[in-house]
Amino acid sequence: MESYPALENHGLIGDLQTAALVTRDGTIDWFCAPRFDSPSVFGGLLDRHKGGYFQISPDGVDYVSKQLYLPDTPILITRFLSADGVGELIDFMPVAGDQATDRHRLVRMLRVVRGRMRFRFDCQPRFNYGRDPHELQPGPEGGVFHSPALSLTLNVVRYAERLTEEHERRRSTEGICVVATLREGEAGGVVLETGATDPPRAYTPGEVRELLEETRDYWRRWLDRSRYTGRWREMVERSAITLKLMTYAPTGALIAAPTAGLPEQIGGQRNWDYRYTWIRDASFSVHALLSLGFTEEATRYMRWVNDRIQDAGEGGVPLQIMYRVDGSPDLTEETLHHLEGYRGSAPVRVGNGAADQLQLDIYGEALNALHLGDSHGLQVSHQGWLNTVKLMDWLCDNWDQPEDGIWETRGGRQDFTYGRLMSWVALDRAVRLAHRRGRPGDTSRWVGTRNQIYDQIMRRGFHPGRRAFVQHYATDVLDAALLAMPSIGFVTPTDPMWQSTLRAMDDELVSDSLVYRYDPAASPDGLPGSESTFTMCSFWYVEALAQSGRLDEARLMFEKMLTYSTDLGLYSEEIAPTGEQTGNFPQAFSHLSLISTAVNLDRLLDAHR
């Protein structure tokens, strides 16, 4: 790998317990095992020299490459086009199942469909973010890379004996490199496997074809359950597949992104580890997936959220904002000083120190998810309700205090308006649930506190000079998180206070269809540098426009946002002014908001007709 590929030049594959990124030149430059939040095996995305990679690409020939997914699946096809031939690399991971396992397989199949091409197979793993040494134990059918904590087995796929006569093989103590020429109709491949108990062996073409068909059929059966038939079906279904790929099947937890340390600004320091499950993301996913008909996934996410509520209730502590995929709370942040970072963006961080922040909005998102699930027949258990009651009683005692806010700023706690807004949502939804199901709880206190919060937001959250709701009570800075105010029912979309807020955001936070979260120069957040526009906020803006009656404008803005996706329909956390994807990639929040906005915009357009 000579340079860092753009984030948008990556495809995502996965097996529902971990995932890998594959570049347009056929390089796996990010893969963690055995889980999303495990140390990397291939981490060249964060250091091209020390991180490790596995490249399969044309050797010694000028070519162009393109990527696509096999329709209705996350099976990735990378096509190499040259004057002498056309090759296709097919990458996928067979589904690992609902039981946690160390065994994960990466299948890489290469074939030439026209002419002839010379290819390089270069496998260079670097375990534990490049910190652990390893040894290569070669064999006639591949080899095993042994590190102190993990093994990686490389199995060849035996397609044609003639290939073994026309290749160059180079081994070192750290990797394997093979150069081979393939002609039209010929194929080759490898199956990488972590946690294997058997020695390397030769897979037959039939075995690989069976793995491919099983993987294809699994994903198509799953997608057939979608009930979305709206205007943007292809993008919505690709987003649904992407979210499913970022789900840890043993617990149902949805990670924020499969990557760590990717910068919000190239060369900057806003480089965070997103391979964990936020209460906020898991709650929003319930809304998005129920709207598509994926009840089973929504149920598993709700069960995961309920378990965290129970842990908090039994421990007498507030909810933590994020957890590991197995629900454990330890996310100690550390800096990997030996890695240079993506395109020199250091420091590289793993773990996430924001886990201990106080973010009051997560209670509203959690209760909104429980309320929505209940309306679809997904009721909480008796014990789950008792833990929810404890949580609401805690919120009544603690809502009116400074906090760290949705954007996880590190510049000191404030009275954030969005945190108050979602505390109002939490109590409002708890009251509705109690009344709907006849559940016990101090609803009189909840109603009284809810009304206090409403009055405070209207008195202190709306800035008379700006004629807008602002980020926190001590500033006049705008905050795109407040675009959610109409959708959660706090204000009506036609309320003059909301209309003037939306106009202020039009003028200050919106750049064409792209939306900034806030202005860090005007509201210091404790971090150096600036950031790009936030994809989730851009989709929220579209929905706010539509709800406010600006339907034509909303539809155009949504269509513009679709042009910012990658060729494969993926979105990172942020989009730079040049259209470049920045931040961790792909980002669950971006795809969740795309789905919700598409569904709601469809509904409003149909009603308008």
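In strand β30, T582 is the bridge partner of E574, a convenient place to enter this predicted model. The pairing that holds this contact joins strand β29 (residues 574-575) to β30 through two bridges, in the antiparallel sense. Both strands belong to an open sheet of three strands, ordered β28-β29-β30 and paired antiparallel. At the edges of this sheet are β28 (533-534) and β30 (581-582), each of which pairs on one side only. Strands of a sheet pair through backbone hydrogen bonds, and the pairing can be parallel or antiparallel.

Beyond β30 comes a loop that leads to helix α13 (588-608), and P586 is found in this loop. The peptide bond from F585 to P586 is cis, with omega near -20 degrees. Another cis peptide bond joins A346 and P347, here with omega of about 5 degrees. P347 sits in the loop between β22 (334-335) and β23 (349-350).

The loop between β22 and β23 also holds R343. Although R343 is a residue other than glycine, its phi is positive, near 50 degrees. A positive phi, of about 60 degrees, is likewise found at Y129, which is not a glycine. Y129 lies in helix α1 (residues 127-130). How do these two residues stand with respect to cover? Y129 counts as buried because its relative accessibility is 5%, whereas R343, with a relative accessible area of 38%, is partly exposed.

A further antiparallel pairing links strand β9 (residues 104-124) to β14 through eight bridges. Within this pairing, F119 has A180 of β14 as its bridge partner. Strand β14 (residues 176-183) is mostly covered, as seven of its eight residues are buried.

Turning to the whole chain, the secondary structure amounts to 13 helices and 30 strands. The radius of gyration is 25 Å, which agrees with the value near 25 Å for a compact globule because the chain has 609 residues. Along the principal axes, the C-alpha trace spans about 80 × 50 × 45 Å. Buried residues account for 62% of the 609 residues. Of the contacts between residues at least 6 apart in sequence, 68% join residues at least 24 apart.

At the surface, the chain exposes about 22000 Å², and carbon and sulfur atoms supply 46% of this area. Charged side chains number 64 positive and 83 negative, and the centres of the two sets lie 3 Å apart.

How values were computed:
Residues numbered from 1 in each chain as written. Predicted model: local features only at pLDDT ≥ 70, side-chain atom pairs only at ≥ 80, totals over all residues. Heavy atoms only, no water. Helix = DSSP H or I, 4+ residues; strand = E, 2+ residues; numbered from the N terminus. Rg over C-alpha atoms; globule rule 2.2 N^0.38 Å. Buried < 20%, exposed > 50% of the residue type's maximum accessible area, 1.4 Å probe, protein only. Contact = heavy atoms within 4.5 Å. Areas by Shrake-Rupley, 256 points an atom, 1.4 Å probe, with all protein chains shown as cover. Lys, Arg positive; Asp, Glu negative; His and termini not counted. Charge placed at Lys NZ, Arg CZ, Asp CG, Glu CD. Pairing = 2+ DSSP bridges.
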